[in-house]
Amino acid sequence: MKRITISALVIFLLIVCICQAQTNIGAGIDSIFATYSTNNPGCAVAVVKNGQVIFTKGYGLASMEYQVPITASSIFDVASLSKQFTGFAISTLIQQGKISLNDDVRQYLPEFPKIGKVITIGNLVHHTSGLRDWPEALEVAGWRYSELCSFDDIMNMVKHQKELDFEPGSEHFYSNTGYNVLAAIVEKVTGKTFREWTSGNIFKPLGMGDTFFLDDSRKVIPGLASSYYPDNGVFVKSTDILTAYGSSSLYTSVNDLAKWTIAFEKAIDAKDTVYTRMLEGTTLNNGTKIAYGFGLETEDYNGYKSIVHTGAWAGYRTIIRMFPDQKLAFIVLGNANDNNLSGGLTGKLVGLFLEKKNNAATPAKITVSYHPAKAVLNKYMGNYKWGGGEVAIAQQNGVLMFQYSGEDAYPTIALSDSVFLLEAANKNVTFHADKNGAVNTFTFRDKPAKRFMIYKTPPGELPQYTGVYYSPELEVQYRIYVKDRKLFIHHFRRGDFELSSNTKDEFTGGIGMLAFYRDAKGISGFKLSGGRVRNIRFNKSNELPIN
C-alpha cells in the first residue's frame with residue numbers, strides 16, 4: 001500500500017512539473033506575440049517537440065469585419081511555404097522512376113519556349129533556371145497585385161519568355177515561376193491535376209483535412225483568416241486573388257502543418273529517400289554549392305542545423321522552421337503583413353527553447369540592442385550594385401534602411417558597427433572598410449555589393465530618351481516623357497513613375513532599373529531589371545507618343 005502511494009505521488013509530481021513547464025512556455029510565447037491585440041489581425045502559432053504538438057494558439061483576428069479570432073484551425077494562404085510540397089511531389093516522381101533531375105523540361109512540356117539553352121527539372125527545383133519571376137514580370141506587364149492572377153496567366157508568360165535572366169546553372173536566383181512549371185510537369189506525368197495529386201498523396205494520408213492547393217479563386221474557404229496591411233495607422237484589406245499553385249496558393253492551418261512536420265521528422269529519422277532528397281542542394285556551374293533543396297533550405301541557425309522556408313503574399317507572412325537534431329519545429333502563420341513575424345518574432349520564439357551556441361555565426365542574435373553613431377551610418381549611405389540590380393542604403397531616425405531595385409525600403413537591426421540584420425530576409429548585411437577606413441562594399445546572402453556614384457543626366461539630354469517602348473515578350477507598351485526638366489515613364493494602368501539617373505544611360509524608378517541601349521541613330525530601346533527579373537527588352541517604337 002505504501003509503495004503504491006509513493007508511486008502515485010511521483011506520478012502526481014511529474015504531472016505538476018509538466019503542467020508548470022507548459023504554463024511557463026505558454027506565458028513566454030504570449031509575451032512574444034502580445035503585440036497582436038484582440039482588435040487587429042495577427043497570427044497562429046504551433047510548436048512541435050519530440051513528435052508531439054506541445055503548443056498551439058491564435059493571436060488577433062482572422063476577420064476584422066466580423067471580429068472572428070484566429071485559432072489553431074484558422075486557414076491561411078501560406079504563400080511560398082507551398083514549395084516544399086511541390087518539392088515532395090517531384091522527389092516522389094523521381095523515386096518512382098518517372099522523371100529525373102537532369103531531364104529537359106521540354107521533354108514533358110514541348111510548348112516550353114526554345115530559348116537556346118536546356119533547362120532541367122533540377123534547375124527549376126534549385127532556382128537556377130534563369131526563368132523570370134512571375135510576380136514582378138507580370139507587374140511590369142500591367143498586372144496589379146490586388147487583382148486575379150491565375151496559373152494559366154503564369155504559364156502563358158513562360159511560353160512567351162524570349163531571353164533568360166542568366167545561363168541555367170550559373171546562378172541561384174529565386175524564381176516562383178520554376179515551381180509553377182514543376183506543378184505543370186507533375187500534372188503531365190501523373191495525368192492528375194496538381195490539387196488532386198497533392199491531396200491524394202500528401203494531405204489525405206497525413207490527415208491534413210483542411211489543406212489544399214487553390215486552383216479556383218471563386219472557392220469559398222470556411223475558417224479563412226483574411227489578409228490585411230497597415231495604412232496610416234489603421235488596417236485595411238489586402239486582396240488575395242491568386243491561383244499560383246506549385247509556388248504558392250496553398251491553404252492550410254498550423255494544426256495541419258504540425259502533422260506535416262511530425263511526418264517529415266519521422267521520415268528523416270527513418271532515412272526515407274523521398275524526404276532526405278528534399279534536403280539536397282546543388283552545385284552551380286562554377287562549383288559553388290547551394291543549400292536550397294526541394295522547396296526547403298538547410299542552414300545554420302544560432303549554431304543549430306535548421307530546415308526552413310518562409311512565405312509572403314498579400315498580407316500573409318508565414319514560416320516553418322525545423323530543428324531535426326533537437327526534434328523541434330516552429331510554425332507561425334500571420335495575416336497582418338508584418339515582416340517581423342518570420343524574422344524577429346519567430347527568432348524570439350525559438351530562443352525560448354534553444355539557447356544560442358557560443359560558436360554560432362549567423363544569423364546573429366536579434367535581441368542585442370546596439371546603436372551605431374550617426375557618423376558610422378553615414379559611411380554606409382549610398383548606392384551599390386548587387387545581384388543584378390541596385391541597393392540604396394539610407395538611414396531613417398538612426399536606423400539603416402535597405403532598399404533593392406523596385407522594392408520597398410526595409411529597416412535593419414544593428415548588431416555591431418559593421419553588421420546589420422535585415423529581418424525581412426533574416427540575413428545579415430556586412431559592410432567592409434578598406435585600409436583607409438572608406439566603405440565601398442558590403443556582403444549580403446554571400447554575394448558582394450560594390451558602391452557606385454550616381455550620374456546626374458543634364459536636363460538638356462533627357463529628351464533623347466523620350467518615346468514609346470514596346471516589349472514583344474510581355475506584349476506591353478510604356479511611354480517615356482519629360483516634364484519639369486525630369487524624366488518620367490507612363491503605363492496606362494500602372495500610372496507614372498519618375499526616373500532618376502544612376503549612371504550614363506541608366507535610370508531607376510518605382511518600375512525598376514532601365515538600362516538604355518543605342519544603335520547608329522541613337523537610343524533604340526532599354527532593358528528593364530528589378531528584384532527578380534533581369535533585362536526584359538523594350539524596343540523603341542516608331543509610334544508617336546500620346547500627349
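This passage describes two strand barrels, a helix, a buried tyrosine and several empty spaces in a predicted model.

Two closed barrels are found in the model. In one of them, 8 strands close in the order 18-19-20-21-22-23-24-25, and the pairing is antiparallel. Within this sheet, neighbouring strands are turned against each other by 35° on average, with direction ignored. One pairing in this barrel links strand 22, residues 419-422, to strand 23, residues 427-433. These two strands run antiparallel and are joined by 4 bridges. Across this pairing, F420 stands opposite V429 of strand 23.

The other barrel is likewise closed by 8 antiparallel strands, here in the order 26-27-28-29-30-31-32-33. From one strand to the next, the twist averages 30°. Strand 27 (residues 476-483) and strand 28 (residues 486-491) run antiparallel and are joined by 5 bridges. In this pair, Y481 faces F488 of strand 28.

Strand 33, which covers residues 536-540, takes part in two of the pairings described here. Its pairing with strand 26 (residues 467-471) is antiparallel and has 2 bridges. There, K540 of strand 33 is the bridge partner of Y469. Strand 32, residues 522-529, also pairs with strand 33 in the antiparallel sense, over 4 bridges. In this second pairing, F526 stands opposite F538 of strand 33. Strand 32 and strand 33 form a hairpin with 6 residues between the strands. In that hairpin, N535 takes a positive phi near 55°.

Outside the barrels, the burial of one helix was examined. Helix 7 spans residues 194-203, and its buried residues are F194, W197, T198, S199, I202 and F203. The spacing of such residues can be read against the geometry of a helix. An α-helix has 3.6 residues a turn, so residues three or four places apart point the same way. The cover over the buried residues of helix 7 includes three helices, namely helix 2 (83-95), helix 6 (176-190) and helix 8 (254-269). Strand 7 (212-213) and strand 11 (250-252) are also part of this cover.

Empty space inside the model was examined next. Rolling a probe the size of a water molecule over the atoms shows where empty space is left. The structure holds 2 cavities of 30 Å³ or more. The largest cavity contains about 80 Å³ of space. Among the residues that line the largest cavity are W134, P135, L138, W143, Y145, C149 and W313. Helix 4, residues 134-140, provides the largest share of this lining, with 4 residues. By class, the lining of the largest cavity has 9 nonpolar and 3 charged residues, and no polar ones.

The second largest cavity has a volume of about 60 Å³. Its lining consists of T261, F264, E265, I268, I307, M322, F323, P324, L328 and A329. At least two lining residues come from each of helix 8, strand 16 (316-323) and strand 17 (328-334). Of these elements, helix 8 gives the most, with 4 residues. Helix 8 is thus named both in this lining and in the cover of helix 7. The lining of the second largest cavity divides into 8 nonpolar residues, 1 polar and 1 charged.

Pockets, unlike cavities, are open. About 380 Å³ of space lies in the second largest pocket. This pocket is lined by 17 residues, of which I221, L224, S226, D240 and Y316 are the closest to its centre. The lining of the second largest pocket comprises 8 nonpolar, 5 polar and 4 charged residues.

One residue of this pocket lining, Y316, was followed in more detail. Y316 lies in strand 16. Y316 counts as buried because its relative accessible area is 2%, and the cut-off for burial is under 20%. Leaving aside its neighbours within four places in sequence, Y316 is in contact with F76, D77, L224, A225, S226, S227, D240, G311, G334 and N335. Of these contacts, L224, S226 and D240 are also among the residues closest to the centre of the second largest pocket. G334, another contact of Y316, is 18 residues away along the chain, yet the C-alpha atoms of Y316 and G334 are separated by 5.4 Å.

Notes:
Residues numbered from 1 in each chain as written. Predicted model: local features only at pLDDT ≥ 70, side-chain atom pairs only at ≥ 80, totals over all residues. Heavy atoms only, no water. Pairing = 2+ DSSP bridges. Axes fitted to C-alpha atoms, helices over the stretch in contact; angles between N-to-C directions. Buried < 20%, exposed > 50% of the residue type's maximum accessible area, 1.4 Å probe, protein only. Contact = heavy atoms within 4.5 Å. 1 Å grid on protein atoms, 1.4 Å probe; cavity = no way out; pocket = protein on both sides within 12 Å on 5 of 7 lines; lining within 4 Å. Points joined across faces, edges and corners; volume = space filled by probe spheres on them. Nonpolar A, V, L, I, M, F, W, Y, C, P; charged D, E, K, R; others polar.
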